[in-house]
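Open the model in your viewer and keep the selection panel at hand. We will walk through it one stop at a time.

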Amino acid sequence: MDARSERCDMEWLGPIADVEFTGEGPVEARIEGRFSKLTIEGDTTMRGFGLLGRSLGDTSAAVSYRASTLRFNDVLVKRGAGSVRGAGQLVFGGPPRIEAAADLRRIDVADSLVDLKLSPSLARRIDAAGDGRLILHGLLAKPGGIIHARAPRAAIDGVELGAMNLEVGFGPGERKLWGEIGLARQSGLVDVQAAWLEDDSVTLAGQLANVPLLSMRRFFGVALVDGSLSGRFNLKGPL
C-alpha cells in the first residue's frame, strides 16, 4: 500500500513505542506486510523535527522500519547557518536505543552545548561555529557519544581566543560532560581538560604556553603589563 500526506503532524500521531516526536511536513511511504510484521519505507521532510523534547531542526531523511528497527538514511538537518548530515537507527523491543553518526558543518558550539543540557547562560558565553563529527549510541533517553570539532575562531565573553579544537564526550555516569579544548592564537597555546560532574560541579585542568597577557585583560578587569603567560592550572568547584 502506498501512502502520501502533504502535512503529517508528528504530535498528532502521538508517541511511537513511547518515543514522542515533533515536527510536520510531507510524507511518502510504502507499507507492506501483516500488521504484526509491518515493513515501511518512505521519505519525509519535517519542519521543526524533534524527539523526547529535543528540537533538532528542519530535517529530511529516507526512513525505513522493519523488525523493530527504525532506520534513517541520507539525513539532513538544518540548524541556523549550519547543517548535520548522517544516518542512524532506533531499535525498539525494549527501552529504545539509538546508534547514529553524522558530519557537522558550521554548527554553533553554544547551541550544541545547550542540547547537551549545559546551562544556556554559560554556554552562550562561547562564540564559535565549526565543522566536525558526531558519534551517538546507547539508550535514547540518555545516550552517550562523542563530538570532534574544529572552529577557525572562538571567543569567550567577547575575548578572541583564536582557532579551537574541541573533543567532547557525554553520557550516563558520574560525568555528564567531559572533554578537551585546544586554543591557538598567534604564538600562544592553551590546552584544557574539563568535566561537568553529576553533582553539578566542574573540574578544569590545563596548561598555557606563551599566552599574551593583553588578550586576558577582559577576564581580569584591569590593565595588565605587556608580556606572556605560561604555566599549569587546576580548578574545581560548583558550576
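How many bridges join S11 to strand S12? Select residues 175–185 for S11 and residues 188–197 for S12: ten bridges join these strands, which run antiparallel. Keep in mind as you look around that this is a predicted model.

For a single rung of that pairing, pick Leu-183 and then Val-190, its bridge partner in S12.

Next, add strand S10, residues 159–170. S10 is joined to S11 by eight bridges, and this pair runs antiparallel too. Click on Val-168 and you will find Gly-179 of S11 standing opposite. Now follow the chain through the turn: S10 and S11 make a hairpin with four residues between them. Stop at Gly-171 in that turn, where phi is positive, at about 155 degrees.

Stay around S11 for a side-chain stop. Show Arg-175 and Trp-178 as sticks: Arg-175 lies over the face of Trp-178, at 4.2 Å from the ring centre. If you like aromatic rings, there is one more thing to hunt for, as a search of the whole structure finds one aromatic pair.

Now turn to the interior. Which residues touch the most other members of the largest nonpolar core? Select Phe-21, Leu-90, Met-164 and Leu-177, which do so among the 45 residues of that core. Strand S10 supplies the largest share of this core, with six residues.

Finish by centring on Met-164. Beyond its neighbours within four places in sequence, Met-164 is in contact with residues including Val-109, Ala-128, Ala-149 and Arg-150. Ile-181, Gly-182 and Leu-183 are also among the contacts of Met-164, and Leu-183 brings you back to the bridge partner of Val-190.

Definitions and conventions. Residues are numbered from 1 along each chain as its sequence is written. This is a predicted model: local features need pLDDT of at least 70, side-chain atom pairs count only at pLDDT 80 or more; totals for chains, interfaces and linings use all residues. Side-chain values use heavy atoms; hydrogens and water are left out. Rings of Phe, Tyr and Trp (its six-membered ring) pair if their centres lie within 6.5 Å; planes under 30 degrees apart count as stacked, over 60 as edge-to-face and the rest as tilted. A charge sits over a ring if NZ of Lys or CZ of Arg is within 6 Å of the ring centre and within 35 degrees of the ring normal. A nonpolar core is a set of buried Ala, Val, Leu, Ile, Met, Phe, Trp, Tyr and Cys residues joined through side-chain atoms within 4.5 Å. Buried means under 20% relative accessible area, exposed over 50%, partly exposed in between (1.4 Å probe, protein chains only). Helices (H or I, at least four residues) and strands (E, at least two) are DSSP runs, numbered from the N terminus. Contact means heavy atoms within 4.5 Å. Two strands pair if DSSP finds at least two bridges between them.
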